[in-house]
Structures are given as structure tokens and as C-alpha cells.
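This briefing covers two topics: an internal cavity and a sheet with a helix packed on it. The sequence and the model are shown first.

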Amino acid sequence: MKKEVMLMAAGLCMALAAGCAGPQGNDAGKPQPKEERVLTVGTDPAFPPFSYYQGQTRAYTGFDVELIDAVAKTAGYTRTEFVSADMKDLLDGLNAGRYDAVISCLSITDERKAQAAFTRPYAHSGYVAVTARGTTLSSPEDLANRKISVKAGSVAESMAHALSANVEPCATAEDALRHVVSGSSDVLLSDRYMAAYFAANGYGQDIAIQSGVDLKVPSDLAIAVRKEDAALLDVLNAGLATFMDTPEYNQLKKSYFGDYL
């Protein structure tokens, strides 16, 4: 009798075990949630059209924002998360570990290469002088007696100080441009992509991009990562190479800069 009870108990345990294992086996056959991979990105949100924050939607947008969103997706990230920082503090924040990468119309310079590693360029640009329509400048020397407005903390600000003693740093490049359009300043010194954006989006009838003023300063825009983060650099370079070879990349440029580039 004892033997029969033991056999019955053993059978019950096996049945219970099989019953417990059944649902686990079924779940194992289902697709598991994809592990979330988040790329944190530092950017200056006062730098339209490259990066700016929309208060109504509580979202970052701009050419750089859309670009790195697409690159990150191509590189296997599930989403990007943006962290605001002033332009002059972006690389310090990167090296302090506050984010993984930086994108913010960031041109590659020798000074910046000493602080960070850069991906391949995603845009080949340069710096231009922008005036109110009707003004003609023929050389950089014509800027010497002009009031130049610039985005504070930008490479253009450093350039402006070498060209004129009258330099006005502004919170945004558009603020600087408004001063030019209103006549309170003579020249906006800016990245060529930014000037093209302004011309294509509301200011085309009011401004002139001075093609005669050759500042001879090329500007390759790229994404920055910490020097020791070679693996991330490789991943972003591969993502850039893939995305820049798609029609979506050219459409993105056209949507922001029209036919001015």
C-alpha cells in the first residue's frame, strides 16, 4: 500500500511539473521584447536649423537631430535621447560622461580634435558673410569696419574677432540675422548651411549671401565621441555611411536647405 501511495505521489509531482513547464515552453516560442539600446546625445538646442527644442511638442528637432536619429536607427539603436548643453560646453560634457556623443553643427577643428574623436563628415560646409539685400562686399577686408553679429560660442565668433573690432555675440544665429535685417548690424558670419536655411525659410528676399567674400575656412561637420570610445566611433561611421547613401539623406538636406546647397 505504501508503495502504491508513493507511486501516486510521484506521478502527481510529475504531472504538476509538466503543467508548470507547459506555459514556459509556450512563452519560449514567442518573440521576446527587443533589448532597448539608447544613444544619449549632447546638443545645443539654440542652434536652428541644426538643433532646437520645440516647447509645444516638448521635442528636439532640426537637421542634426533627424540625421542622428536615422543614423542611430541604422546602427541598431532603438532610440536617441538628447541632453541640452551650451555650444562651448558640449565637449566638456561629453568627456564628463553626461552623454555618449555630440552633434550640433560641430565643425572639426584642431582644438576640438584634441578633446574628442570625430566621425566621417556628414556635411562639407564653410563660412560665409550674410548682409541685408542691396549690400555688396568684395573681400574679407571689407568686414574690417563692419559690425559683425554671430552665434555666441561658435567658430564664427572666433573668426569674427580676427576680422573686425566690432563683434556682437548673440544667443542664436537667427537673432544675429535679425539684427542684420533690421540694420542694427552689418554682417552675419555663419556656417554656409545655416545661411542657406535662412535663405530658404523666410529670409530669402531680405538677405544676400556674399559670394565675393571668400573666407577660405572649410568646415566639415561631424559627430563627436570620447577618444577612448573607438567601438562607438566605428558603429556611428558605419551608420553614417549607410544612411548617407540613401535618398532619405538627400531629401533631408533638401527639406531644410532647399536648393541653396
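**Cavity and sheet**

Strand β11 gives the most residues to the lining of the largest cavity, with four. The model is predicted. A five-strand open sheet is described after the cavity.

**The cavity**

- One cavity of 30 Å³ or more is counted.
- The space in the largest cavity comes to about 130 Å³.
- Its lining is made up of 16 residues.
- F47, Y127, S154, V155 and A156 are the lining residues that lie nearest the centre of the largest cavity.
- Two elements, α5 (155-163) and β11 (187-191), each give two or more residues to this lining.
- By residue class, the lining of the largest cavity holds 10 nonpolar, three polar and three charged residues.

**The sheet**

- The strand order in the open sheet is β5-β1-β6-β14-β7, and the pairing is mixed.
- In general, strands of a sheet pair through backbone hydrogen bonds, in either a parallel or an antiparallel way.
- At the edges are β5 (79-84) and β7 (117-118), each of which pairs on one side only.
- Strands β6 (residues 101-102) and β14 (residues 224-225) run antiparallel and are joined by two bridges.
- Within this pair, A101 stands opposite V225 of β14.

**The helix on the sheet**

- Helix α2 (residues 63-74) packs on the sheet, where it touches β1 (38-43) and β5.
- The direction of α2 makes about 145° with that of β5.
- Strand β5, touched by α2, is also one of the edge strands of the sheet.

Terms used: Residues are numbered from 1 along each chain as its sequence is written. This is a predicted model: local features need pLDDT of at least 70, side-chain atom pairs count only at pLDDT 80 or more; totals for chains, interfaces and linings use all residues. Side-chain values use heavy atoms; hydrogens and water are left out. On a 1 Å grid over the protein atoms alone, a cavity is a set of points where a 1.4 Å probe fits but cannot get out, and a pocket is an open set with protein on both sides within 12 Å along at least five of seven lines; lining residues have an atom within 4 Å of a point. Grid points are joined across faces, edges and corners, and a volume is the space filled by probe spheres set on the points. Ala, Val, Leu, Ile, Met, Phe, Trp, Tyr, Cys and Pro count as nonpolar, Asp, Glu, Lys and Arg as charged, and the others, Gly among them, as polar. Two strands pair if DSSP finds at least two bridges between them. Contact means heavy atoms within 4.5 Å. Axes are lines fitted to C-alpha atoms, for helices over the stretch in contact, and angles run from 0 to 180 degrees between N-to-C directions.
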